[in-house]
Amino acid sequence: MNSSTNPLPDNDVGIYECEVRLKFRIIEEQLTMTDTDQLVETLVDAFAYGSDEYLEALDSQVAVQQVQDVAKVSPEMRRQLIRLRNSNRLS
């Protein structure tokens, strides 16, 4: 191991549960998409662009909490966390 690189400490990388609540009004041509993921992506993109004459932000709330019990997350996410914790930080 190179002395200029250090492994990531356990508290440097974690798994977080995030809840985002956005409330806004939007002028848009027929939002009749049946693909929920595509609809969410379209609305979040519009919100991220910011308020203008077509979008009025009304409220936003964000809650972030670190997952303490790693057993509650998917095996894929646990493996990725282990990889990140075991990797070397680039300097």
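Here a biologist and a modeller talk through a predicted protein model in questions and answers.

Modeller: This is a predicted model, in which local features need pLDDT of at least 70 and side-chain atom pairs count only at pLDDT 80 or more, while totals for chains, interfaces and linings use all residues. Residues are numbered from 1 along each chain as its sequence is written, and side-chain values use heavy atoms, with hydrogens and water left out.

Biologist: In what order do the elements of the protein run from the N terminus on?

Modeller: Helices (H or I, at least four residues) and strands (E, at least two) are DSSP runs, numbered from the N terminus. This protein has 2 helices and 2 strands. Read from the N terminus on, their order is β-α-β-α.

Biologist: What percentage of the residues in the protein is buried?

Modeller: Let's set the words first: buried means under 20% relative accessible area, exposed means over 50%, and partly exposed is in between (1.4 Å probe, protein chains only). The areas come from the Shrake-Rupley method with a 1.4 Å probe, and for residues only the protein chains shown count as cover. Of the 91 residues in the protein, the buried ones make up 10%.

Biologist: Is Val67 buried or exposed?

Modeller: Val67 sits in the loop between S2 and H2. Its C-alpha atom is 7.6 Å from that of Gly14, with their places 53 residues apart along the chain. Val67 has a relative accessible area of 16%, so Val67 is buried.

Biologist: How many salt bridges does the structure hold?

Modeller: To count one, look for a side-chain nitrogen of Lys or Arg within 4 Å of a carboxyl oxygen of Asp or Glu. Glu76 and Arg79 meet in this way at 4.0 Å, N to O. Both lie in helix H2, 3 residues apart, about one turn of the helix. Counted over the structure, the number of salt bridges is 3.

Biologist: How many residues apart in sequence are the parts that Arg21 and Asp59 tie together?

Modeller: Arg21 and Asp59 form a salt bridge, with their closest N and O atoms 2.9 Å apart. Arg21 belongs to strand S1 and Asp59 to strand S2, so the pair ties together parts of the chain whose separation in sequence is 38 residues.

Biologist: Which residue in strand S2 does Arg25 pair with?

Modeller: Arg25 has a salt bridge too, at 3.6 Å from N to O. The pair links distant parts of the chain, with Arg25 in strand S1 and its partner in strand S2, 31 residues apart. Arg25 counts as exposed because its relative accessibility is 52%. At 42%, the partner counts as partly exposed, and this partner is Glu56.

Biologist: Which element gives the most residues to the nonpolar patch?

Modeller: Patches are made of residues with over 30% relative accessible area and no salt bridge, joining like charges within 9 Å and nonpolar side chains (Val, Leu, Ile, Met, Phe, Trp, Tyr) within 5 Å. Here Tyr16, Val20, Leu22, Val40, Val44, Val62 and Val64 make a nonpolar surface patch of about 620 Å². Strand S1 (16–26), H1 and strand S2 (55–66) each give two or more residues to this patch. The element that gives the most, with 3 residues, is S1.

Biologist: What is the relative accessible area of Val40?

Modeller: Val40 is one of the residues in that nonpolar patch, and it lies in helix H1. Val40 counts as partly exposed because its relative accessible area is 45%.

Biologist: Which residues gather in the patch of negative charge?

Modeller: Asp and Glu count as negative and Lys and Arg as positive, while His and the chain ends are not counted. The place of a charge is taken as NZ of Lys, CZ of Arg, CG of Asp or CD of Glu. One member, Asp37, lies in helix H1 (residues 36–49). Together on the surface, the patch gathers Asp35, Asp37, Glu41 and Asp45.

Biologist: At what distance does the side chain of Arg85 reach the backbone oxygen of Val13?

Modeller: Arg85 lies in helix H2 (residues 75–86). Its C-alpha atom is 6.7 Å from that of Val13, although the two are 72 residues apart along the chain. A polar contact is a pair of N or O atoms within 3.5 Å; within protein, one must be able to donate a hydrogen and the other to accept it, and residues adjacent in sequence count only if both atoms are side-chain atoms. From the side chain of Arg85 to the backbone oxygen of Val13, the distance is 3.1 Å.
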